[in-house]
Amino acid sequence: MSQIVIIGAGFAGYTVAREWRKLKLKQNDDLVIITADSGDFYSKPMLSNALQQNKSPERLINMPKAKMEQQLQANILAQTKVMAIKAEQHYVETEQETIAYDKLVLALGASPIRLPIQGNGAEQVVSVNHWQDYQRIYPKLRQANHLAILGAGLIACEFANDFLSQENKQVDIFDIAAYPLSRLLPETVGIWFAEKLAQIGVNWHFETSVSSIDNQHEQWQLNFGEQQSVTADLVLSAIGLRPEISLAQQAGLNVNRGIKVNRYLQTSDPDIYALGDCAEVEGLVLPFILPIRQAGRVIAKNLTGELSLLSYPAMPIVVKTPAMPTVIAVPVNQGGEWQVTLDDHGVKALNYLEQQLQGFVLMGAYMSEKQVLARQLPMLFA
Ligand SMILES: Cc1cc2nc3c(=O)[nH]c(=O)nc-3n(C[C@H](O)[C@H](O)[C@H](O)COP(=O)(O)OP(=O)(O)OC[C@H]3O[C@@H](n4cnc5c(N)ncnc54)[C@H](O)[C@@H]3O)c2cc1C
């Protein structure tokens, strides 16, 4: 009998646990999941479109911890933070106890990046990367009339569209880039997308950084440019995530931007695996659901003693902005050229390198071409 320990009960941790139990259901190997949060299983992508769907935070929980324990035949230690990993001795330390493992899986997620902003209101800027964050701000999201968002990436655009699905709401978005989703879209498409969101009420501030945020009577004044300001009831920061690498680093594992793993998803210690928002596979940190699904299956097999190698197909990202439904397949290889069609039906932008389709952006009615085009994309790695 061996003991598998997973740190993290997000989509990554629970995917490994589920896939592994599928393979090992009849055997009585121990499974322990340690998580700093409640251990309830929820759909994180729903956090940025819950208002439109009229879902309270409680209704976003798909399965409470007790049921997860039953389903996975696991001991889930909730509200328990792992303080250290002793890789040579094969155990982890929490505040209360030490827990031995034969194989360890790191599914630690990521933390929101915070901008260094001046002012007495900067500390109260909120970020949403967990169910608990959302539960905390949910009443404010319902009550606030005016939301300001720092960053114009995926999460920012989705939250803006979601907030504006309620009546009489206003949104201001600030970004140093010249258009939204600037790391994912060609410029013409980004500008077109910005116009569509402006039509539902987004007020954009491009090439603009907020210098300070002042708080007075539950109002936040965002100062920028030459004595310009916007006053909002709530300020959300959505400028990106930093993979959780500190535990791994302290344990002496190789880290870069994320925890470095090979294509077996092993860290520099072969008994420790990593996946999800905390992990970096061959230089790639892909903080999305589909890559986690692929990685979870591979780790589960490897935990049973099989040797399974990760392969990544191209994995298009759906942007949850009903004002302009969008799917993006980031070009697999760089250096290609965009061929862009913008018309009344939406956008179809195809990226070609030496006549091979590398990526695409589809918006509006062109979204229906997603499956056909996705099949033409090369693998990220085979
Ligand atoms: C608002 C929002 C919308 C999104 N929408 C989409 C989408 O539409 N499509 C898509 O593909 N992706 C989307 N994503 C990204 C996707 O949800 C994430 O990539 C995925 O959920 C990450 O899962 P994870 O398990 O790696 O991390 P997390 O869910 O962050 O889980 C990390 C876990 O580690 C635990 N932990 C961390 N440190 C410790 C410690 N020291 N001790 C114990 N426990 C610890 C935490 O408590 C938590 O349980 C979205 C993300 C957000 C924030």
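This passage walks through the domains, the sheets and the ligand shell of the structure shown above.

The structure is a predicted model, in which local features need pLDDT of at least 70 and side-chain atom pairs count only at pLDDT 80 or more, while totals for chains, interfaces and linings use all residues. Residue numbers start from 1 along each chain as its sequence is written.

The protein is divided into three parts: domain 1 (3-111 + 241-303), domain 2 (114-237) and domain 3 (325-376). These bounds come from an automatic or database domain assignment. Taken over C-alpha atoms, the centres of domain 1 and domain 3 are separated by 33 Å.

Secondary structure comes next. Helices (H or I, at least four residues) and strands (E, at least two) are DSSP runs, numbered from the N terminus, and two strands pair if DSSP finds at least two bridges between them. An open sheet of three strands follows the order β6-β7-β8, and its pairing is antiparallel. Its edge strands, β6 (82-86) and β8 (98-100), each pair on one side only. Neighbouring strands of this sheet are turned by 20 degrees against each other on average, direction ignored. For such values, axes are lines fitted to C-alpha atoms, for helices over the stretch in contact, and angles run from 0 to 180 degrees between N-to-C directions.

Within this sheet, β6 and β7 run antiparallel and are joined by four bridges, with V82 standing opposite T94 in β7. The hairpin of β6 and β7 has four residues between the strands, and H90 takes a positive phi near 60 degrees there. On the other pairing, β7 (residues 91-94) meets β8 in the antiparallel sense over three bridges. Here Y91 has A100 of β8 as its bridge partner, and V92 stands opposite I99 in β8. The hairpin that joins β7 to β8 does so through three residues.

A second open sheet holds four strands in the order β13-β12-β11-β17, this time with parallel pairing. β13 (202-205) and β17 (234-237) stand at its edges with a single partner strand each, so one side of each is left without a neighbour in the sheet. From one strand to the next, the twist averages 20 degrees. Five bridges link β11 (residues 146-150) with β12 (residues 170-174) in parallel, and L147 stands opposite V171 in β12.

A further antiparallel pair is formed by β15 (residues 219-224) and β16 (residues 228-232), joined by five bridges. The bridge partner of L222 in β16 is V230. Three residues lie between the strands of this hairpin, where G225 takes a positive phi near 55 degrees.

Now for the ligand. Of the 33 residues around the ligand, G8, G10, A12, G109 and G276 come nearest; a residue is near a molecule or strand if its C-beta atom, placed from the backbone, lies within 6 Å of it. The shell has 19 nonpolar, eight polar and six charged residues, where Ala, Val, Leu, Ile, Met, Phe, Trp, Tyr, Cys and Pro count as nonpolar, Asp, Glu, Lys and Arg as charged, and the others, Gly among them, as polar. Domain 1 and domain 2 each contribute at least three residues to the shell, and the helices α1 (11-24) and α7 (289-303) each supply at least two.

These two helices also pack together, at an angle of about 40 degrees and with their axes 8 Å apart. That makes α1 oblique to α7, since angles under 35 degrees count as roughly parallel, over 145 as roughly antiparallel, 65 to 115 as roughly perpendicular and the rest as oblique.
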